[in-house]
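Morning, everyone. Please pull up the structure on your screens, and we will walk through it together.

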Amino acid sequence: MNDFIAIDVETANYNPSSICSIGAVKVRDGLIVDSHYSLVNPEPGWYSRQCTAVHGLTDDDTWDAPSFGTVWKQWQEWLEDLPLVAHNAPFDSKCIREACRVYGLEPPSDWHCTLKAARREIPRGMLASKSLPSLCEFFGIIFNQHHNALADAEACAKLGIILL
């Protein structure tokens, strides 16, 4: 696949619609060409300690950020109806689907998963983990700031170029 959007979300709590940040990286002809990132005022609007411990975001970071509905509408033209790619796509697709439901928006339906592709392409036992950091290390992809939505989306894009 040469053209896609790699996407990643972070959530404020264990409610899938509670997206608090979103990052997306556009790939055209197998090359990264653009990216978007936004903090998001989550719905529901509270943070669990466990989620904050993962990504470091709190209410202080997002209290004046736009809603997911606003961000998603602003990004529609840029997304171009390209297929979406995520590492562990069932999580990101569920979150975006639920956030779209909350805001009365049509959710995307064309999803691909770099985790699933890695499990298919890399022989069993070759890697102890198929996590985003492990795969980046395996393929020699420089990867910093795990659980920053834009950094994760960029790493996913680079994996997508290799694996999809």
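Start with F68. Its relative accessibility is 2%, so F68 counts as buried, because the cut-off is under 20%. Keep in mind that this is a predicted model.

Now find W72. Like F68, W72 is buried. Both residues sit in helix α3, four residues apart, which means about one helical turn separates them. How do their rings sit, and how far apart are the centres? The centres are 5.3 Å apart and the planes meet at 20°, so F68 and W72 are stacked.

F68 has another aromatic partner, Y103. Here the rings are tilted, with 40° between the planes and 6.5 Å from centre to centre. Where does Y103 lie? Y103 is in the loop between α4 and β5, while F68 is in helix α3, so this pair ties together parts that are 35 residues apart in sequence. Is Y103 buried or partly exposed? Its relative accessibility is 28%, so Y103 counts as partly exposed. Put the three together: F68, W72 and Y103 make one aromatic cluster. The structure has four aromatic pairs.

Stay with W72 for a moment. W72 helps line the second largest pocket, along with residues including Q76, L79 and P107. That pocket has a volume of about 220 Å³. Which helix gives the most to its lining? Helix α3 does, with three residues. By class, the lining has six nonpolar, two polar and four charged residues.

Next, the largest pocket. Its space is about 340 Å³. There are 17 lining residues, and D8, V9, E10, F91 and H147 are the closest to the centre. The classes here are six nonpolar, seven polar and four charged. Which element supplies the largest share of this lining? That is β1, with four residues. Also supplying at least two residues each are α1, α4 and α6.

So let's look at β1 itself. Eight of its eight residues are buried. Both faces are covered. On one side you have F4, A6, D8 and E10, and on the other I5, I7, V9 and T11.

What does β1 pair with? With β2, the pairing is antiparallel, over eight bridges. In that pairing, A6 stands opposite V25. With β4, the strands run parallel, joined by two bridges. There, the partner of I5 is L84. L84 also appears in the lining of the second largest pocket.

That's the tour. Over to you for questions.

Methods. Residues are numbered from 1 along each chain as its sequence is written. This is a predicted model: local features need pLDDT of at least 70, side-chain atom pairs count only at pLDDT 80 or more; totals for chains, interfaces and linings use all residues. Side-chain values use heavy atoms; hydrogens and water are left out. On a 1 Å grid over the protein atoms alone, a cavity is a set of points where a 1.4 Å probe fits but cannot get out, and a pocket is an open set with protein on both sides within 12 Å along at least five of seven lines; lining residues have an atom within 4 Å of a point. Grid points are joined across faces, edges and corners, and a volume is the space filled by probe spheres set on the points. Ala, Val, Leu, Ile, Met, Phe, Trp, Tyr, Cys and Pro count as nonpolar, Asp, Glu, Lys and Arg as charged, and the others, Gly among them, as polar. Buried means under 20% relative accessible area, exposed over 50%, partly exposed in between (1.4 Å probe, protein chains only). Two strands pair if DSSP finds at least two bridges between them. Rings of Phe, Tyr and Trp (its six-membered ring) pair if their centres lie within 6.5 Å; planes under 30 degrees apart count as stacked, over 60 as edge-to-face and the rest as tilted.
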